[in-house]
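Here are my notes on the model you sent. Please read them with the structure open.

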Amino acid sequence: MNSAAGTSAGASIDERATAAKAALDKHTCEIVAWHFDPATGTPFWLDYASKLDWDPRKEIKCYNDLDKFDFFEDEWLRQGKVRSWVPKAYANDPIYTFETGGSTGVPKSRINIKDFRIDYEQFSDTLSDEMFPRGGDWLMLGPSGPRRLRLAVEHLCQHRGGICFCVDMDPRWVVKLIKSSRLREMHEYKDHVVNQGLTLLRAHKNIQCLFTTPKLLEALCERVSLVDYGIKGVFCGGTQLTAQFHRFAREELLEGKIDFVPTYGNTLMGLACHKPFDPADNYSVIYHPPSPRAMIEVVDPESPRKVVGYGELGRARLTTLTKEFFMPRFLERDEGIRTKPCDAYPWDGIADVRPFSGFATPIVEGVY
Amino acid sequence: MIEIPILRFGKVYESIETVTLVHHATGEPFARVHQANSGMVRRDMVRMADDALEKFSTADLIAMARKAGELFMTAPLPLGKSQQSFEDYIAQLSCTTGMPITYCRDNAGKIASVLEKMDQVLAGLTRGLDLKVLDDGYSDASGHMLSFYRAGRVFGAVLPSNSPGVHSLWAPAMVLKAPIVLKPGREEPWTPYRMIEAFAAAGFPREAMGFYPTDHGGAGELLRTADRAMLFGGGATVRPYENDPRIELHGPGYSKVILGDDVADDWAKYVEVMATSIDRNGGRSCINASAIWTPRHGRAIADAVGKELAKHKALPADDPNATLAAFANPAVADQINNVIEHALTEDGAEDVCAAHRGTPRLAHIGRCAYLQPSVVWCESREHSLANREFLFPYASVVECPAAEIADAIGPTLVATVITRDESFVHSLMNHPNVDRLNVGAIPTWRISWDQPHEGNLFELLYRQRSFQFEPAA
């Protein structure tokens with residue numbers, strides 16, 4: 001996926017983890033220097049730094065030094081000042097803005113220029129050419145609108161030489177229907193989305209790859225055999241992708257014949273890849289962040305500067321480190337179990353992600 | 001640790017996700033219940049052979065149900081990969097629910113009784129229909145052609161944990177030829193699992209039975225997918241399905257004992273029937289009375305019934321004298337107690353049982369919490385405690401002119417009305433508030449097997465069709 005993961009063949013996992021950590025430290029310094037440089041930097045961070053009694057460019061010397069920042073507040077992305085997030089160096093570039101789900105009030109807006117393409121090109125390197133054939137077309141059956149997902153999946157498809165067919169699903173509308181107990185309308189809407197997808201699958205025989213959400217995958221497979229429709233690989237994202245669902249998807253929905261690639265991501269961080277399938281993991285869904293461009297750490301909810309031990313449950317803490325967007329120490333609304341580095345990703349992962357249980361009021365999740 | 005798997009088409013399936021049940025008294029992990037993901041529930045239901053029971057005659061199925069009742073009470077039956085004796089079942093049921101052993105046995109007997117008397121139960125549900133009509137699709141009854149078809153191709157049930165006796169309600173579905181898909185209550189997987197195994201041992205095809213412990217989402221998929229279903233739960237659970245004719249709702253019962261104007265002065269004669277209506281089965285059923293309505297003497301009635309109920313004390317579940325259930329989750333008892341205490345701060349209500357109990361309502365034995373009986377005298381029927389139902393022996397007592405009672409009582413699953421006044425009976429008989437009516441000093445919980453209880457499963461599963469038959473020449 002990146003240099004740390006890909007260029008150290010033959011080294012032990014510990015050696016590769018050390019190299020990855022060094023790369024992360026170096027990358028962190030570069031990104032901080034970029035965002036806090038008056039020439040290239042981001043107006044929000046330059047303003048932020050002007051109120052500090054320390055200079056991030058001097059004092060951030062490694063990744064762990066990011067603890068000197070306060071926790072990133074999502075309100076900063078809801079203040080209607082989206083231009084303050086555009087680094088000066090990119091002031092004349094075409095700017096996208098993408099939004100988070102919007103299930104918790106005003107959506108958070110994040111600017112993008114090329115990040116979504118870079119993230120998905122790196123993700124592409126993790127896909128098998130056999131199960132996600134180059135030149136094969138894709139069906140993107142999921143949320144588009146203000147999210148980056150549609151453009152990102154479409155770019156992934158194009159990057160692999162395919163053409164992407166798209167059907168929209170608006171999760172904000174689904175959340176409204178669920179909250180008002182209009183379940184019949186919710187299912188009608190789901191059927192409407194699935195019917196459009198099936199129409200495309202029937203019409204375009206070169207569609208061999210699918211992006212969709214767990215709920216829509218279930219609904220599709222209730223109607224047809226995706227094996228019979230020529231699908232070879234499914235890339236699945238969304239909330240609450242459990243180990244049991246993972247097993248159910250591989251064994252039953254996809255009949256043991258279609259590759260299943262779960263991912264965890266959001267507009268703020270990017271895309272975390274699933275550890276390659278290993279029966280020894282008993283279908284546990286383990287994600288690794290796209291280090292050094294972003295990190296996921298599992299921290300003590302009561303003391304979120306502290307990373308929990310391996311195998312322990314904690315809250316997900318995200319850090320994004322790209323030239324387009326700097327987001328240190330953001331406490332996500334998810335929790336999971338800290339896992340060890342693996343061959344493909346020599347840095348920590350997070351397993352069994354689910355909504356953070358520490359919130360007083362449950363958030364409507366799982367609509368994807 | 002005991003493993004309770006999913007049964008998919010009657011076959012054991014072990015999930016990656018499990019829920020651990022603890023022993024109510026020790027808090028120690030006791031059983032692991034395998035959880036179905038919601039997609040599995042729906043996928044299996046749409047693939048279920050809905051004609052799996054059609055090859056049997058109704059008479060055969062009645063005989064098999066009788067056998068299942070016997071096996072339920074006596075035989076070692078599979079529980080996942082192990083075997084469960086009847087005594088194991090009773091002990092396990094008590095461990096995770098906190099119900100006294102004696103009540104567990106009583107409820108098991110009730111279930112067996114329904115299975116063994118299935119012919120009477122069906123006679124009640126079908127009003128004496130010749131059951132061959134279910135085999136042939138039609139019959140000529142005294143010159144009148146009758147035809148029914150089964151609209152409930154797959155029957156689902158979202159079940160509770162409060163009282164095992166409720167499982168007698170879905171059992172006739174199997175004999176009415178509808179394959180079943182059950183979602184057990186969280187703390188009470190034992191009874192539906194054992195019933196399925198008893199059915200299988202008695203000859204019912206395993207593929208006609210599914211057992212899917214699952215979460216809220218899975219329950220929703222079950223209810224969405226089933227042609228016909230039963231849903232047990234509190235008001236908030238059943239409310240979204242109130243206008244869904246496919247689903248028979250079993251929410252709070254708000255059952256009542258009502259005195260007529262003509263007997264109100266003789267109230268002392270009826271203290272026993274009022275008390276037993278409230279306290280039987282630990283006061284955990286929807287057919288337990290949660291209110292007493294009388295034209296007068298309300299305060300005195302509350303005091304006398306409270307004195308009677310105060311005899312129940314918190315005792316360990318395995319004590320042969322135990323009559324109150326422990327709360328498997330002690331926090332629930334705390335919450336209920338807080339709700340009542342808060343409501344008692346409003347003017348016009350008093351827990352008259354308190355003086356007779358001599359102890360607080362909430363009692364603890366080790367980690368177990370108990371709620372001891374409460375009888376609340378409400379000066380007004382508008383008081384917030386006047387029409388409440390809780391999971392322990394609780395009742396309010398309110399006064400109301402007899403002429404206003406039928407309109408004022410609100411939805412009432414069982415009304416026991418004690419009166420000789422035919423016009424008063426008539427006012428209740430004609431009122432949609434009352435689901436089941438007992439006239440006389442009959443405890444609210446007493447069931448007559450030849451009468452439908454809380455809906456009619458036959459009417460839910462079958463529809464009558466117009467039919468004419470003229471053999472070809």
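1. Which domains does the domain assignment give for chain B? This is a predicted model, so read every point below as computed. The assignment splits chain B into domain 1, covering 2-251 + 457-464, and domain 2, covering 255-439. Domain 1 of chain B is thus written as two segments.

2. Next, the spacing of these domains. The C-alpha centres of domain 1 and domain 2 of chain B are 30 Å apart. The two domains do touch: 17 residues of domain 1 of chain B are in contact with 19 residues of domain 2 of chain B.

3. Look at the domain 1 side of that contact in chain B. Helix H3 (86-97) and helix H4 (101-116) of chain B each supply at least two of its residues. By class, this side has 11 polar, 5 nonpolar and 1 charged residues.

4. Now turn to chain A. Chain A has an open sheet of 12 strands with mixed pairing. The strand order is E4-E3-E5-E6-E7-E8-E9-E14-E13-E12-E10-E11. From one strand to the next, the twist averages 40°.

5. Which strands stand at the edges of this sheet? They are strand E4 (164-168) and strand E11 (303-307) of chain A. Each has a single partner strand, so one side of each lacks a neighbour in the sheet.

6. One pairing is worth checking by eye. Strand E13 (residues 326-339) and strand E14 (residues 349-355) of chain A run antiparallel and are joined by 5 bridges. To find the register, start at A:Asp334: its bridge partner in E14(A) is A:Pro355.

Methods:
Residues are numbered from 1 along each chain as its sequence is written. Chains are lettered from A and ligands numbered from 1 in the order in which they are written. This is a predicted model: local features need pLDDT of at least 70, side-chain atom pairs count only at pLDDT 80 or more; totals for chains, interfaces and linings use all residues. Domain bounds come from an automatic or database domain assignment. Two residues are in contact if their C-beta atoms, placed from the backbone, lie within 7 Å. Helices (H or I, at least four residues) and strands (E, at least two) are DSSP runs, numbered from the N terminus. Ala, Val, Leu, Ile, Met, Phe, Trp, Tyr, Cys and Pro count as nonpolar, Asp, Glu, Lys and Arg as charged, and the others, Gly among them, as polar. Two strands pair if DSSP finds at least two bridges between them. Axes are lines fitted to C-alpha atoms, for helices over the stretch in contact, and angles run from 0 to 180 degrees between N-to-C directions.
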